[in-house]
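Visitor: I would like a close look at a single part of this model, the surroundings of the ligand, and then a word on the sheets elsewhere in the chain.

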Amino acid sequence: MDALIIEGPSRLSGKVEVSGSKNSALPLLFASILFDGKVTYENIPRLWDIETTLKLLELMGCRTEWNKTSGQVVIFPEVTKKVAPYDQVKKMRAGILALGPLVAKYGEAKVSLPGGCAIGARPVNYHIEALRKLGVSVEVEEGYIHATVKGKLVGNEILFPEVTVTGTENLLYVGVMAEGVTLLQNAACEPEVVALGEFLKSCGAKITGLGTPTIKIEGGGLKTSSPTVVIPPDRIEAGTWVAIALATRSFLEINHCDSSQMTSVLAAFRQMGGKIEELNGGTTLKVTPSEKYSPLHIETAPYPGFPTDMQAQILTTLCLAEGRSTVVESIFENRFMHVAELQRLGAKIEVNGNVATIEGPVDFQGAPIMATDLRASACLVLAGLISKGTTRVSRIYHLDRGYQRLDEKLCRLGAKITRVAE
Ligand code: EPU
């Protein structure tokens, strides 16, 4: 396991490239199961979650090739075992995305229940209930979801009780391969869902309503056998760079973005006092920091609301604002694990249920801290950058699950960070 040793405070400058989106790449990689021929991916980020996904596909019998320099992945979807084992799914909850494609293509799947994680219980009951409505028999035994299709998959109307991103994605795979019409109500509008739907459409699927809460899928399968798809830029990584620029009071140019997917995040940072210019059709963000920031009230919400995956990063930035901010976490019940670590650096934050109250501004002092989940680790690196002295962030494997070598990108911008084995 690695740790990062950060010498702060840091002033950064320069240009940074945003990598391909993790949460787009994962459902698109699992979509390979639906095809007969090879599927080619461009702009795949170098992340542990990608390693885990390819491992899962290999355990199913697929051949995979990953050129880590060019970012190209090719999958030959020769599935022989319709199983996603616990050993892999426990590392990455998105392993649940194997369920839909296996059921859709092969009529059977044995997928480990993901279990809880640092940010909450994260059940998959909505996925299971929705699959049952399309004619899938689902039993949960010994920690595994056993899904089988006895007759045919037949479209139906599904009303998700809450917005679920991977739940909507699992139903897209199945709806496309089912007979008749599947109507998804209260579907996720996240850009990652849209990217998956657009890819399936480019392969012959008939889907309307992507990006809205009502998605209509006319089943009937896919027409293309060996497609190619380019992974879009990671909107959460881009947002994390905005937080880093503002908090370290650095001028940064962030390239390879899609600012149209970042409206709520950019609005919040602008309201704090950051100047963010959208250039080149929104693919470049030019961030100008401010000496003083205003406090905010933020509530996380499904897209287009403020993303839970940016909560830790903005909360850390709000520690520098003059006055009291509040952050309400509405998606996950336990996503404030980073607060105790930030307090070790001097943050003044109180958590009551799902509300964090932040008093600022504070001067952070370096200390040893520990990463607890993916986005929390990004906020701890950010905190290390603005702390005086040395901050050691342990358990950095969480960061490597979802950010392509954030430390190396930061060092190129002038940060003093050393990666050590522990
Ligand atoms: N929920 C249920 N039952 C279900 C499904 C969801 O109760 O069957 C609840 C969850 O417990 C949660 C809420 O519904 O309270 C929303 O969960 P959702 O299903 O949308 O989350 P997810 O699909 O498991 C994806 C991202 C997460 C991101 C969330 C919310 C991927 C691979 N993961 O998770 O990303 O936080 O949507 O936007 O797309 C991350 O990248 O760090 C990350 C955690």
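Visitor: Of the 21 residues around the ligand, which come nearest?

Guide: This is a predicted model, and in it the residues that come nearest to the ligand, out of the 21 around it, are Tyr126, Thr164, Thr166, Asp309 and Ile331. For three of these residues a polar distance to an oxygen atom of the ligand can be given. A polar backbone atom of Tyr126 is 2.7 Å from an oxygen atom of the ligand, and a backbone N or O atom of Ile331 lies 2.6 Å from an oxygen atom of the ligand. With Thr164, by contrast, it is an N or O atom of the side chain that is placed 2.7 Å from a ligand oxygen. Taken on its own, the ligand has 840 Å² of accessible area, and the protein covers 89% of it.

The elements that contribute two or more residues to this shell are helix H1 (22-30), helix H5 (125-133), helix H6 (165-177) and helix H12 (374-386). H5 gives the most, with three residues. Sorted by class, the shell consists of nine nonpolar, six polar and six charged residues.

Turning from the ligand to the sheets, one open sheet has four strands in the order S6-S7-S9-S8, with mixed pairing. Strand S6 (83-84) and strand S8 (136-141) stand at its edges, and each has a single partner strand, so one side of each is left without a neighbour in the sheet. S6 and strand S7 (residues 108-112) run parallel and are joined by two bridges, and Val83 has Lys110 in S7 as its bridge partner. Helix H4 (residues 99-106) packs on this sheet, where it touches S6, S7, S8 and strand S9 (144-149), and its direction makes about 165° with that of S7.

Another open sheet is formed by four strands in the order S18-S19-S21-S20, again with mixed pairing. Its edge strands are strand S18 (297-299) and strand S20 (348-352), each of which pairs on one side only, while the twist from one strand to the next averages 15°. S18 and strand S19 (residues 323-328) run parallel, with three bridges between them, and Glu299 stands opposite Val328 in S19. Helix H10 (residues 311-318) packs on this sheet, touching S18, S19, S20 and strand S21 (355-360), with a direction that makes about 170° with that of S19.

Methods: Residues are numbered from 1 along each chain as its sequence is written. This is a predicted model: local features need pLDDT of at least 70, side-chain atom pairs count only at pLDDT 80 or more; totals for chains, interfaces and linings use all residues. Side-chain values use heavy atoms; hydrogens and water are left out. A residue is near a molecule or strand if one of its heavy atoms lies within 4 Å of it. A polar contact is a pair of N or O atoms within 3.5 Å; within protein, one must be able to donate a hydrogen and the other to accept it, and residues adjacent in sequence count only if both atoms are side-chain atoms. Accessible areas come from the Shrake-Rupley method with a 1.4 Å probe; for residues, only the protein chains shown count as cover. Ala, Val, Leu, Ile, Met, Phe, Trp, Tyr, Cys and Pro count as nonpolar, Asp, Glu, Lys and Arg as charged, and the others, Gly among them, as polar. Two strands pair if DSSP finds at least two bridges between them. Axes are lines fitted to C-alpha atoms, for helices over the stretch in contact, and angles run from 0 to 180 degrees between N-to-C directions. Contact means heavy atoms within 4.5 Å.
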